[in-house]
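User: I would like to go through this model and see what stands behind each label. Please set the values against the cut-offs as we go.

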Amino acid sequence: MSAAQRLQGRLLVATPRLTDPNFRRTVIYMIDHRAEGAAGVVVNRPSEMAVSEVVPAWEEAAVPPRRVFFGGPVAPGGLVALAPDVAPLSDGMSIGVVDLGRPSSSSAGRIRVFAGHAGWGSGQLESELEGGSWFVVDAMLDDVVDEQPDRLWERVLRRQGGFFTNATDKPSMN
């Protein structure tokens with residue numbers, strides 16, 4: 001398995017030194033990572049827009065909070081939906097992109113809808129990783145559909161143990 005394939009299905013967690021307002025304290029689920037670029041969605045930034053306002057058929061399928069999430073600054077008018085048990089993306093994970101046409105009965109209450117996505121050109125993500133902007137950690141199935149997304153950044157860091165247990169968003173305190 002190539003280094004690029006190892007990022008697919010994993011999380012990028014913004015380090016405290018990453019201050020770009022688009023990505024400060026974000027957790028990104030990596031959907032794709034290839035030599036020509038990478039894509040993922042920010043899984044911890046709900047918007048104020050209800051899923052029912054954008055894709056009414058998905059309201060009941062959406063996990064609380066039933067909001068459209070800010071997936072990232074790329075193509076903010078496009079929608080991405082992720083759900084457990086759709087198509088495996090990595091060992092032990094079973095989260096996939098779903099068709100927004102109709103929810104399946106097996107996905108009820110387990111869909112997360114995102115407006116836009118995070119994207120990187122060829123070599124851009126690798127440069128950011130080398131520069132210390134991101135931690136790469138294993139994803140858990142429920143990270144993408146966490147019902148308390150505002151605390152996800154801290155919880156993901158704490159479950160890593162060691163230094164991460166006390167990490168804050170203030171570099172001087174770490």
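Analyst: The questions below deal with the fold, the nonpolar cores, the aromatic pairs and two residues of this predicted model.

User: What makes up the chain, in helices and strands?

Analyst: The chain has four helices and nine strands. Their order from the N terminus is α-β-β-β-β-α-β-β-β-β-α-β-α. Of its 174 residues, 43% count as buried. Among contacts between residues at least 6 apart in sequence, 65% join residues at least 24 apart.

User: Which residues touch the most other members of the largest nonpolar core?

Analyst: They are Ile28, Tyr29, Trp120 and Trp134, in a core of 34 residues. Elements giving two or more residues to this core include strand S1 (11-14), strand S6 (74-84) and helix H4 (152-158). The largest share, five residues, comes from S2. Another core, of 11 residues, lies apart from it and has Val55, Trp58, Ala61 and Ala62 among its members. In soluble globular proteins, nonpolar side chains tend to be buried together.

User: Why is Trp120 called buried?

Analyst: The cut-off for buried is under 20% relative accessible area. Trp120 has 7%, so Trp120 is buried.

User: What does Trp120, in strand S8, touch beyond its neighbours in sequence?

Analyst: Leaving aside neighbours within four places, its contacts include Leu12, Ile28, Met30, Glu36, Leu125 and Trp134. Glu36 is 84 residues away in sequence, with a C-alpha to C-alpha distance of 8.8 Å. Glu128 is also in contact with Trp120, and a polar contact of 3.1 Å joins the side chains of these two residues.

User: How many aromatic pairs are there in the whole structure?

Analyst: A search finds three.

User: Why is the pair of Phe69 and Phe114 called edge-to-face?

Analyst: Rings pair if their centres lie within 6.5 Å, and planes over 60 degrees apart count as edge-to-face. The centres of Phe69 and Phe114 are 6.0 Å apart and the planes stand at 65°, so both conditions are met and the pair is edge-to-face. Phe69 is in strand S5 (residues 67-70) and Phe114 in strand S8, so the pair ties together parts 45 residues apart in sequence.

User: How do you know that Phe69 and Phe114 count as buried?

Analyst: By relative accessibility, set against the limit of under 20%. Phe69 has 1%, so Phe69 counts as buried. Phe114 has 0%, so the conclusion for Phe114 is buried as well.

User: What makes the pair of Trp120 and Trp134 edge-to-face?

Analyst: The ring centres are 6.3 Å apart and the planes are at 85°, so the pair is edge-to-face. It links distant parts of the chain, with Trp120 in strand S8 and Trp134 in strand S9, 14 residues apart. Both Trp120 and Trp134 are buried. Ring pairs also join Phe23 with Trp120 and Trp134 in a cluster.

User: Where does Asp146 lie, and why does Asp146 count as buried?

Analyst: Asp146 is in the loop between S9 and H4. Its relative accessibility is 15%, so Asp146 falls under the 20% limit and counts as buried.

User: Which residues does Asp146 touch, not counting those up to four places away in sequence?

Analyst: They are Pro64, Arg112, Leu152 and Arg155. Within the loop's own stretch of sequence, a polar atom of the Asp146 side chain lies 2.6 Å from the backbone nitrogen of Gln148.

Terms used:
Residues are numbered from 1 along each chain as its sequence is written. This is a predicted model: local features need pLDDT of at least 70, side-chain atom pairs count only at pLDDT 80 or more; totals for chains, interfaces and linings use all residues. Side-chain values use heavy atoms; hydrogens and water are left out. A nonpolar core is a set of buried Ala, Val, Leu, Ile, Met, Phe, Trp, Tyr and Cys residues joined through side-chain atoms within 4.5 Å. Buried means under 20% relative accessible area, exposed over 50%, partly exposed in between (1.4 Å probe, protein chains only). Rings of Phe, Tyr and Trp (its six-membered ring) pair if their centres lie within 6.5 Å; planes under 30 degrees apart count as stacked, over 60 as edge-to-face and the rest as tilted. A polar contact is a pair of N or O atoms within 3.5 Å; within protein, one must be able to donate a hydrogen and the other to accept it, and residues adjacent in sequence count only if both atoms are side-chain atoms. Contact means heavy atoms within 4.5 Å.
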